[in-house]
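Student: Please choose a single part of this model and look at it closely for me, then set it in the context of the whole chain. I am new to this structure, so please explain each term as you go.

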Amino acid sequence: MSFEKHEKNGILYFTSSLFDGFGIPHFFAAKRGGVSENDFASLNVSTNRKNRDGKTDSIENVRQNLARGLALVGSDEKRACMIKQIHSANIEKAQVSCAECFDGRGDFQPCDGVFAHKGLAYDTLAVKTADCVPVLLYDTKNDVAFALHAGWRGTVGNICGRAVEKMKELFADAEIIAAIGPCIMECCYEVNSVVYDAAIKCGKSVNILSKEVERSFPTRYMAQGEQKYRVSLSALNRILLEKAGVKSENIDEARICTCCHTDGDGEIFFSHRASGGFSGTQMSVVRLRPTTP
């Protein structure tokens, strides 16, 4: 398994070979290929984050950027659901389209996970990240899709485990695969004991040994009299997915750092930490497979 890099219509994005093998429309976008400018340049999908001048991106820019991304999976804002992320472990069924929210006919759902299945009005799910972990899940037997935003709070709240549990509630015979997208990695993510202790507590709550959780914290040191750690939330979410019952071979992990990963043209991703808090957000999208005749 691996993540493959692509470019289409100026948009730089990645896909999971695991999801590709099952014909699941999806992608993890980088920040190139949109219309936004300055701190939001260029494929930004957030209308809430502020730039150095205290201003947000325009709805018009965000709608155009989202439309460009959704076109990669043959979808549009009328069929897509994007949530109002609140750094929780809450997961909801897709209930409001992006078009309704942008037009003021509805509100973005306040949660950090969203799911869709056949029979719902919306078949495309999107989450936004700028260092946090985007996780896509898919039940390949029953065509159920989940999109998760896992910041450190969502991660230690076991949003991945909750999603797997919900998938099994929907269909007891669920055959689940997962793709963990680009996010800030242990090379760049320094945390304190609050995050470490919360991770250990989360592990204990689902019977994961502390030494297993500690694999996600490969480095520890003292800085200015305080205990610090380097952590991989990507690795921790993998451990929680495996504990929830997803087979290791059914989890694809990008292990690409949004904070420091570059190419010949410079930075690839929006990064909250690298930008000092002034950046847009990139989208990660999954769509239900088209129904075969």
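Tutor: A residue is called buried when its relative accessible area is under 20%, exposed when over 50%, and partly exposed in between, using a 1.4 Å probe and protein chains only. The model is a predicted one, in which local features need pLDDT of at least 70 and side-chain atom pairs count only at pLDDT 80 or more, while totals for chains, interfaces and linings use all residues. Residues are numbered from 1 along each chain as its sequence is written, and side-chain values use heavy atoms, leaving out hydrogens and water.

The part I have chosen is I24, which is found in the loop between α1 (17–21) and β3; here helices (H or I, at least four residues) and strands (E, at least two) are DSSP runs numbered from the N terminus. With a relative accessible area of 2%, I24 is buried. If neighbours within four places in sequence are set aside, I24 is in contact (heavy atoms within 4.5 Å) with F19, Y138, T140, I177, V286, R287 and R289. By contrast, the C-alpha atoms of I24 and E165 are separated by 21 Å, and these two residues are 141 apart along the chain.

The number of E165 falls within the range of helix α5 (residues 159–170), whose 12 residues reach 16 Å from first C-alpha to last, close to the 16 Å expected at 1.5 Å a residue, that is, 1.5 Å times one less than the number of residues. The buried residues of α5 are I159, C160, G161, A163, V164 and M167.

The strand that follows the loop of I24 brings in the aromatic rings. Rings of Phe, Tyr and Trp (its six-membered ring) pair if their centres lie within 6.5 Å, with planes under 30 degrees apart counting as stacked, over 60 as edge-to-face and the rest as tilted. By this rule there are 8 aromatic pairs. In one of them, F3 and F28 have ring centres 5.4 Å apart and planes at 50°, so the pair is tilted. Because F3 lies in strand β1 (residues 3–8) and F28 in strand β3 (residues 26–29), the pair ties together parts that are 25 residues apart in sequence, and both F3 and F28 are buried. Another pair is that of F14 and F269, with centres 5.8 Å apart and planes at 25°, so the pair is stacked. F14 lies in strand β2 (residues 11–16) and F269 in the loop between β16 (266–267) and β17 (282–287), so this pair ties together parts that are 255 residues apart in sequence. F14 is buried, with a relative accessible area of 4%, and F269 counts as buried at 3%.

For the wider setting, 55% of the 293 residues of the protein chain count as buried. Among contacts with a separation of 6 or more, residues 24 or more positions apart account for 66%. The chain contains 8 helices and 17 strands. Its radius of gyration, taken over C-alpha atoms, is 18 Å, close to the 19 Å of the globule rule, so the chain is as compact as a globular protein of that length; that rule is 2.2 Å times the number of residues to the power 0.38.
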